[in-house]
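Student: Could you take me slowly through one part of this model, and then show me how the rest of the chain is arranged around what we have seen? I would like a close look rather than a quick overview.

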Amino acid sequence: MSVSYERGLTEVGDGLYAYLQPDGGWGWSNAGLIVDGDSTLLVDTLFDLHLTDEMLREMRAAVPQAARVDTLVNTHANGDHCFGNQLVGGARIVASERTREEMGELPPAAMASLVEQAPKMGAVGAFFEKCFGAFDFQDIELLLPQQTFRDELTLHVGSCELRLLEVGPAHTRGDTLVHVPAQGTLYSGDILFAGSHPIVWAGPVSNWIAACERILALDVQVIVPGHGPISTPDAVRELKAYFEYLYEQARELHGRGLTAVQAARAIARDRWAEWGEPERLVVNIASVYGELQADQAPVNPLWAFEQIAQLATAT
């Protein structure tokens with residue numbers, strides 16, 4: 001069910017902030033700011049320079065220390081979490097090794113070209129334009145991380161200890177959680193989409209379920225999701241249940257010979273019918289099908305949008 005929440009900066013702990021972008025749909029991601037003394041860390045940038053600049057201006061107005069960002073953590077490679085990196089070019093940029101490797105695979109120039117070509121691409125182009133036409137991908141020079149890690153990394157913002165936990169491949173190949181143990185707070189990146197269907201770009205889904213279990217094993221009370229409103233571990237439990245249900249249904253529907261689109265149509269009005277972006281179901285089911293066939297590979301974005309557009313325009 002769609003939940004109303006406000007755009008902009010909100011304090012979620014002592015020196016911990018979330019920057020939220022309703023409605024959390026395609027490209028409308030969240031970010032975070034962590035401050036202790038004069039030290040600062042930014043969790044993710046936004047999808048274009050205008051949005052990132054607006055966010056940084058609001059942060060600086062509310063939190064004077066944010067005039068200088070010491071460290072930027074990119075939780076994963078999707079552009080709505082890193083295309084604004086150049087606006088904090090003085091910061092040390094940190095990400096998992098797999099995130100850095102994946103960042104260059106769909107650069108801003110490619111997104112700009114796809115939006116430009118969208119009117120000539122039929123139903124796929126129309127849906128792509130609907131999702132991404134509001135963003136400006138011009139003049140973006142993607143800054144890549146200078147520091148990478150595998151599995152885990154401990155950072156400090158002043159005296160505040162952060163744990164970076166790599167849980168991918170799941171949503172993407174190198175998903176990272178940013179855990180603030182002392183305050184029971186987690187910046188989840190896109191491991192949590194709150195109130196909307198997730199999308200499995202990399203998979204396998206079994207890894208995403210394991211990532212949910214890892215979050216639930218932490219002593220966390222507040223979660224800043226990659227998309228959607230501030231959440232609690234209950235949202236992670238619901239997401240885990242969602243993926244477990246997809247496994248159960250996909251096994252049956254795959255056994256009956258249904259395509260991923262047909263399977264998505266068959267279950268689209270089940271328990272999570274009110275979540276946003278239901279068209280993503282087809283990609284998630286295709287990922288489960290890949291596991292069942294022992295043919296797990298990252299989704300080709302063009303193929304994904306062909307399937308998504310087909311499901312989204314179905315009557």
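Tutor: Strands β3 and β4 run antiparallel and are joined by five bridges, and in this predicted model you can follow that pairing residue by residue, for instance where L33 stands opposite L42 in β4. The two strands form a hairpin with two residues between them, and in this hairpin G37 takes a positive phi near 65 degrees. On β4 there is also a pairing with strand β5 (residues 71-73), and here the strands run parallel and three bridges join them; V43 is the residue that stands opposite V73 in β5. Strand β4 (residues 39-43) is largely enclosed by the rest of the structure, because four of its five residues are buried.

If you step back along the chain from β3, you come to the loop between β2 (16-20) and β3 (31-36), which is the place of D23. The peptide bond that leads from P22 to D23 is cis, and its omega is near 5 degrees.

Let us now turn to another sheet, an open one of five strands in the order β8-β9-β10-β11-β12, whose pairing is mixed. The edges are taken by β8 (152-157) and β12 (222-227), and each has a single partner strand, so one side of each is left without a neighbour in the sheet. On average, and ignoring direction, neighbouring strands of this sheet are turned by 25 degrees against each other. The partner of β8 to examine is strand β9 (residues 160-166), for the two run antiparallel and are joined by six bridges; within this pairing, L155 has L162 in β9 as its bridge partner.

Two helices can be placed against these strands. Helix α5 (residues 205-217) lies across β8, β9, β10 (176-180), β11 and β12, and it runs at about 160 degrees to β11. Helix α6 (residues 233-255) also packs on the sheet, where it touches β11 and β12, and its direction makes about 25 degrees with that of β11.

The loops around these strands deserve some care as well. In the loop between β9 and β10 you will find P169, and the peptide bond joining G168 and P169 is cis, with an omega of about 5 degrees. The loop between β7 and β8 is the place of D151, a residue that has a positive phi of about 70 degrees although it is not a glycine. Another positive phi in a residue other than glycine belongs to D139, where the value is near 65 degrees. D139 sits in the loop between α4 and β7 (147-149), and this residue is exposed, with a relative accessible area of 66%.

Finally, consider the empty space in the model. The largest pocket holds about 680 Å³ of space, and 32 residues line it, of which N78, L106, M111, W201 and P301 lie nearest its centre. Several elements each supply at least two residues of this lining, namely α2 (97-103), α3 (108-117), α4 (122-132), β11 (185-193) and α9 (301-312). Strand β11 is therefore worth finding again, because it contributes to the pocket lining and is also touched by helix α6 on the sheet. When the lining residues of the largest pocket are sorted by character, 21 are nonpolar, five are polar and six are charged.

Terms used:
Residues numbered from 1 in each chain as written. Predicted model: local features only at pLDDT ≥ 70, side-chain atom pairs only at ≥ 80, totals over all residues. Heavy atoms only, no water. 1 Å grid on protein atoms, 1.4 Å probe; cavity = no way out; pocket = protein on both sides within 12 Å on 5 of 7 lines; lining within 4 Å. Points joined across faces, edges and corners; volume = space filled by probe spheres on them. Nonpolar A, V, L, I, M, F, W, Y, C, P; charged D, E, K, R; others polar. Pairing = 2+ DSSP bridges. Axes fitted to C-alpha atoms, helices over the stretch in contact; angles between N-to-C directions. Contact = heavy atoms within 4.5 Å. Buried < 20%, exposed > 50% of the residue type's maximum accessible area, 1.4 Å probe, protein only.
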